[in-house]
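Student: I would like to learn how to read a protein model feature by feature. Could we go through one together?

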Amino acid sequence: SSTTPLLEKKWTAVPRLQRKVLELERAVSTNASYHAHRSSINSGTVSNGNSNEGDGNRRMIPRPPAVHDLRGHSAVVTSVEVHPLYTIAVSGSEDGTIKVWDHESGEYFRTLKGHTNSIHGLSFTPTGSHLASASSDLSVKIWDFNTYTCVRTLRGHDHTISSVLFLPGPLSLFASGLSSAGNDTSEGSSAGEPTSSGTGIDSSLTGSQFLVSASRDTTVKFWDVETGFCDATISDHTDWVRCLAVRPESNSTLASSTTSSTTAANEEAVATSTTTASLLATAGNDRAIMVYDAESRKKICELRGHDHVVETLAFLTCAPPSKSSKDSGTKITSEERRRKDEIRDYLASG
């Protein structure tokens, strides 16, 4: 009689173990399919062994499981930005701090402190040398990403600053910055020393002349990166301006004209920074989207159609493939060729 409960426990344990084994087998199968999906993306091939650009773009949509789960903020995370050159990501939070992470290894790096209220927006310069952060404390801070220190605090808005964005500079900026960085010595100063007397930031090295900020005070401000002064204010919106977006214009001639006199690090910056801003879009609580010429700052058009707040904007551009890609030997139909030859240029809003 004493062995009966033990036998019952063993018999009931067997189905439980079998069910657990089946669950683990399903999890292994699911994970294997995820990893196979990711490896096919990295190799740039599809099942038939041929490269397929359209299918590759479709496969780049994020899917679970997450590679890393980064935790460390004590409040809601409001913004995330990825470094244009290195495997670094930064996150801003309502706890008023900015945390720096290595998104490849998932390791925490350091915390940037200086804001006294929630952070709502982050933006790297095109070369990744500096980071801008916008906060409810009515300030925009510019951080040197070599020393991880705040080099300038910009004040001028009367309410919460909801978004911030560096405008990619003209082609001449990169050429002058790279040529000066390539020289070992210069008259009166050492090589690479900032030439600005305002913020200590050389716009030719950051790849950006202006920083744009949007605020709940219904204005959009343009800040001179070198001097730190407000260069212009746009007041076309009637309510909270929540988001910004810039349409970059590619400059493919820069790399060939400047790489001969640059170091390997500068060549990497050239490869990622050959764009200049052509259009700027703003939107917010008034349900209107304003599109401006980024250089002249004149309004080009006003888009309306949303029934509620517009919280995000993004320019979607896709240039036609180069001649070399067309002549790669892949057979495509006339309809596919016509679709590929079209330049797709949209502004998405949500």
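The dialogue below moves from the whole chain to its sheets, its core, a hairpin and its salt bridges.

Student: What kind of model is this, and how are its residues numbered?

Tutor: This is a predicted model, in which local features need pLDDT of at least 70 and side-chain atom pairs count only at pLDDT 80 or more, while totals for chains, interfaces and linings use all residues. Residues are numbered from 1 along each chain as its sequence is written, and side-chain values use heavy atoms, with hydrogens and water left out.

Student: How many helices and strands does the protein chain have?

Tutor: Helices (H or I, at least four residues) and strands (E, at least two) are DSSP runs numbered from the N terminus. By that reading the protein chain has 8 helices and 20 strands.

Student: What share of the residues is buried, and how much surface does the chain expose?

Tutor: A residue is called buried under 20% relative accessible area, exposed over 50%, and partly exposed in between, using a 1.4 Å probe and protein chains only. Here 36% of the 350 residues count as buried, and the chain exposes about 20,000 Å², of which carbon and sulfur atoms supply 51%. As for contacts (heavy atoms within 4.5 Å), among those with a separation of 6 or more, 56% are between residues 24 or more positions apart.

Student: Which strands stand at the edges of the open sheets?

Tutor: Two strands pair if DSSP finds at least two bridges between them. One open sheet of 4 strands runs in the order β5-β6-β7-β8 with antiparallel pairing; β5 (119-124) and β8 (149-155) each have a single partner strand, so one side of each is left without a neighbour in the sheet. Within this sheet, neighbouring strands are turned by 20° against each other on average, direction ignored, the axes being lines fitted to C-alpha atoms (for helices over the stretch in contact) and angles running from 0 to 180 degrees between N-to-C directions. Strand β5 pairs with β6 (residues 130-135) over 5 bridges, and Phe-124 has Leu-131 of β6 as its bridge partner.
Another open sheet of 4 strands has the order β1-β2-β3-β4, again with antiparallel pairing, and its edge strands, β1 (77-82) and β4 (107-113), each pair on one side only. Strand β1 is joined to β2 (residues 88-93) by 5 antiparallel bridges, with Val-77 opposite Ser-93 in β2.

Student: Which elements contribute to the largest nonpolar core?

Tutor: A nonpolar core is a set of buried Ala, Val, Leu, Ile, Met, Phe, Trp, Tyr and Cys residues joined through side-chain atoms within 4.5 Å. The largest one has 15 residues, and those with the most contacts inside it are Leu-167, Val-212, Val-220, Phe-222, Leu-244 and Leu-280. The elements giving two or more residues to this core are β9 (161-168), β12 (208-215), β13 (220-224), β15 (241-250) and β17. Leaving aside neighbours within four places in sequence, Val-220 is in contact with several residues, including Val-212, Ala-232, Ile-234 and Leu-244.

Student: How should I read the hairpin formed by β17 and β18?

Tutor: Start with the pairing: β17 and β18 (residues 299-304) are antiparallel over 5 bridges, with Ala-288 bridged to Arg-304 in β18. The hairpin has 5 residues between its strands, and Arg-297 in the turn has a positive phi of about 65°. Strand β17 (residues 288-293) is mostly covered, as 5 of its 6 residues are buried. Leu-303 lies in β18 and is partly exposed, with a relative accessible area of 35%; beyond residues up to four places away in sequence, Leu-303 touches Arg-287, Ala-288, Ile-289, Val-291 and Leu-347.

Student: Where do salt bridges occur?

Tutor: Side chains of opposite charge can pair when their charged atoms come close. A salt bridge here is a side-chain nitrogen of Lys or Arg within 4 Å of a carboxyl oxygen of Asp or Glu, and a search of the whole structure finds 4 of them. Asp-231 forms one with Arg-297, the closest N and O atoms being 2.5 Å apart; Asp-231 lies in strand β14 (residues 230-234) and Arg-297 in the loop between β17 and β18, so the pair ties together parts that are 66 residues apart in sequence. Glu-302 forms another with Arg-304, at 2.8 Å between the closest N and O atoms, and salt bridges that share partners join Lys-299, Glu-302 and Arg-304 into one network. Asp-69 and Arg-71 also meet in a salt bridge, at 3.1 Å from N to O, and Asp-69 counts as exposed at 56% relative accessibility, as does Arg-71 at 68%.

Note on methods:
Accessible areas come from the Shrake-Rupley method with a 1.4 Å probe; for residues, only the protein chains shown count as cover.
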